[in-house]
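Trainee: Could you take one part of this model and go through it closely with me? I would like to see how a single piece relates to what lies around it.

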Amino acid sequence: MSERAKTAEIVRAADAKSANSGEKLAALDRILALSPVIPVAVVDDAAQAVALGRALLAGGIAVLEITLRSAAALPAIRALRAELPELKIGCGTLRSPAQINSAVSAGAQFLVAPGAPPGLARALAEAPVPALPGAATPTEMMQLAALGFARQKFFPTESAGGAKLLQAIAPVLPELRFCPTGGITEQSAPAYLRCPNVACIGASWLAPPPLLRAGDFAAIESRARHAAALR
Ligand code: 3PG
């Protein structure tokens with residue numbers, strides 16, 4: 001390997017370790033561009049998660065966030081990675097560094113957290129896959145930006161200021177892009193997608209627990225098709 005190639009390798013390795021810069025940022029941007037809406041789901045078991053994944057793909061959505069709010073989350077992520085390699089799988093509701101390790105070991109390709117206290121933010125920055133740490137105020141957004149997070153989850157969006165807050169901070173923090181999540185509906189989604197600093201939104205309306213429990217994957221596929229067409 002030439003000296004120049006070695007240097008490039010070292011820079012890439014350093015990049016990969018820091019927040020979402022370099023290759024991690026590019027990988028994250030590719031994920032955020034997959035769909036106007038990242039479906040957020042709480043699943044009951046791995047088979048249900050795989051059926052959900054198939055319905056989303058059939059409806060034109062190739063990304064899914066499985067939240068760590070049920071015991072089935074990690075087995076579901078493992079099964080989704082094994083059975084649906086064309087679907088990008090994120091792990092959400094991360095609250096501790098230990099959970100990050102479990103999520104990555106299960107195969108999560110991106111990480112999502114509702115907030116970002118310092119220990120969690122550092123662990124997300126050092127994780128081998130990209131992350132969307134949560135922020136609700138300009139100060140939290142700036143703290144995460146200082147750690148290198150140019151993409152963040154804005155949560156809980158509707159109660160923290162909604163599209164108006166995003167519009168207000170766009171000229172002030174122009175380098176940041178957000179995935180607003182929390183209380184967004186199919187009706188309110190277009191206003192978010194029009195914000196210049198919104199990469200995509202996150203929402204549970206595509207695959208809410210009642211539809212998952214009823215096994216109504218045709219309805220989920222139909223919701224996915226509508227959501228995919230929002231932009
Ligand atoms: C979540 O973590 O559950 C997301 O914020 C989804 O929010 P929603 O249910 O309001 O869409």
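Mentor: In this predicted model, strand E1, which covers residues 37-41, pairs with strand E2 in the parallel sense, and the two are joined over 2 bridges. One contact to look for is that of Ala41, whose bridge partner in E2 is Ile66. Between these two strands the chain passes through helix H3, residues 46-58, and the β-α-β crossover that runs from E1 by way of this helix to E2 is right-handed.

E2 also pairs with strand E3, residues 88-92, again in the parallel sense, and here the pairing runs over 5 bridges. If you start from Val63, you will find that its bridge partner in E3 is Lys88. Helix H4, residues 73-83, belongs to this part of the chain, since E2, H4 and E3 together make a right-handed β-α-β unit.

Now consider E2 itself, residues 63-67: 5 of its 5 residues are buried, so the strand is largely enclosed by the rest of the structure. Both of its faces are covered, with Val63, Glu65 and Thr67 buried on one side, and Leu64 and Ile66 buried on the other.

Finally, a word on the cysteines: the structure holds 0 disulfides. Cys91 is in no disulfide, and the nearest cysteine sulfur, that of Cys179, is 15 Å away. Cys91 is also buried, with a relative accessible area of 0%. Cys200 is likewise in no disulfide, the nearest cysteine sulfur being that of Cys179, at 4.0 Å, and Cys200 counts as buried at 0% relative accessibility.

Note on methods. Residues are numbered from 1 along each chain as its sequence is written. This is a predicted model: local features need pLDDT of at least 70, side-chain atom pairs count only at pLDDT 80 or more; totals for chains, interfaces and linings use all residues. Side-chain values use heavy atoms; hydrogens and water are left out. A disulfide is a pair of cysteine sulfur atoms within 2.5 Å. Buried means under 20% relative accessible area, exposed over 50%, partly exposed in between (1.4 Å probe, protein chains only). Helices (H or I, at least four residues) and strands (E, at least two) are DSSP runs, numbered from the N terminus. Two strands pair if DSSP finds at least two bridges between them. A crossover is right-handed if, with the strands pointing away from the viewer, the path from the first strand over the helix to the second runs clockwise.
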